[in-house]
Amino acid sequence: MKATFGAGCFWHVEDLLNKTKGVKSTQVGYIGGQLPNPTYEEVCADKTGHAEAVEVEYDPEEISYEELLDVFWNNHNPTTLNRQGPDVGHQYRSAIFIHNEEQKAIAEKSKQDLEKSGRFENSIVTEIVPAPTFYKAEEYHQKYFKKHGFS
């Protein structure tokens, strides 16, 4: 099964998801913009509309989509619009890119439940949208933390 999340800089998100039991593989890339085959430089210039994102292949026998959403919600701030920590721009938006109607229903319920929980002082701004074409990022971004000894 496939899941795709945008939660700020994709290096950190990929590292977290890669360490999650049931996740079989991850890749970082760009999704949700207008320009085909964008480069990192184009996305970072905030000219393409893409989000930095992580595409996850997971085994639903080992981890549920709900559990992946828990990892997503617990490892970024879903209340800041187009910003995560020091990273600012539309490319760092909080987004769940859904691949089917089941994921849509689960993601929307998860977001509503989190909003009702009162865990966050501000409203959740995470967008839940259909997953358009995912463009794999340049190779030097793949498994960045692991390659550079941060993982």
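Helices (H or I, at least four residues) and strands (E, at least two) are taken here as DSSP runs, numbered from the N terminus. By that count, the protein comes to five helices and eight strands, and along the sequence they follow the pattern β-α-β-α-β-α-β-β-β-α-β-β-α. The model is a predicted one, so to speak of local features takes a pLDDT of at least 70 and to count side-chain atom pairs takes pLDDT 80 or more, while totals for chains, interfaces and linings use all residues. Residues are numbered from 1 along each chain as its sequence is written, and side-chain values use heavy atoms, with hydrogens and water left out.

On overall shape, the C-alpha atoms fill a box of roughly 40 × 30 × 30 Å along the principal axes. The radius of gyration (over C-alpha atoms; the globule rule is 2.2 Å times the number of residues to the power 0.38) is 14 Å, which agrees with the value near 15 Å for a compact globule of 151 residues. Of those 151 residues, 45% count as buried, where buried means under 20% relative accessible area, exposed over 50%, and partly exposed in between (1.4 Å probe, protein chains only). Contacts (heavy atoms within 4.5 Å) reach far along the chain: among those between residues at least 6 apart in sequence, 75% join residues at least 24 apart.

A UniProt record, an unreviewed entry, places the feature "domain: Peptide methionine sulphoxide reductase MsrA" at residues 2-148; UniProt positions are given in the numbering used here, feature names are shortened, and annotations may be inferred rather than shown by experiment. Over residues 2-148 the chain is 31% helix and 27% strand, with the end C-alpha atoms 26 Å apart.

The "active site" feature in UniProt (unreviewed entry) falls at Cys9. Cys9 sits in the loop between strand 1 (2-7) and helix 1 (10-18). Leaving aside residues up to four places away in sequence, Cys9 touches Glu52, Asp87 and Tyr92. Val28, 19 residues from Cys9 in sequence, lies 9.7 Å from Cys9 in space, C-alpha to C-alpha. Val28 belongs to strand 2 (residues 23-31) and counts as buried because its relative accessibility is 0%. Again not counting residues up to four places away in sequence, the contacts of Val28 include Phe10, Glu14, Ala53, Val54 and Phe134.

Two of those partners turn up again in helix 1, whose buried residues are Phe10, Trp11, Val13, Glu14, Asp15 and Leu17. The cover over these buried residues includes strand 1, strand 2, helix 2 (40-44), strand 3 (51-58), helix 3 (65-74) and helix 5 (144-147). Helix 3 has its own buried set: Tyr65, Leu68, Leu69, Val71, Phe72 and Trp73. That set packs against strand 1, helix 1, strand 2, strand 3, strand 6 (94-98) and helix 4 (101-117).

Then there are a couple of backbone oddities. Most residues other than glycine have a negative phi. Asp46, in the loop between helix 2 and strand 3, instead has a positive phi near 60 degrees; at 38% relative accessibility, Asp46 counts as partly exposed. Lys143 also has a positive phi, about 55 degrees, without being a glycine. Lys143 lies in the loop between strand 8 (134-136) and helix 5, and is partly exposed, with a relative accessible area of 27%.
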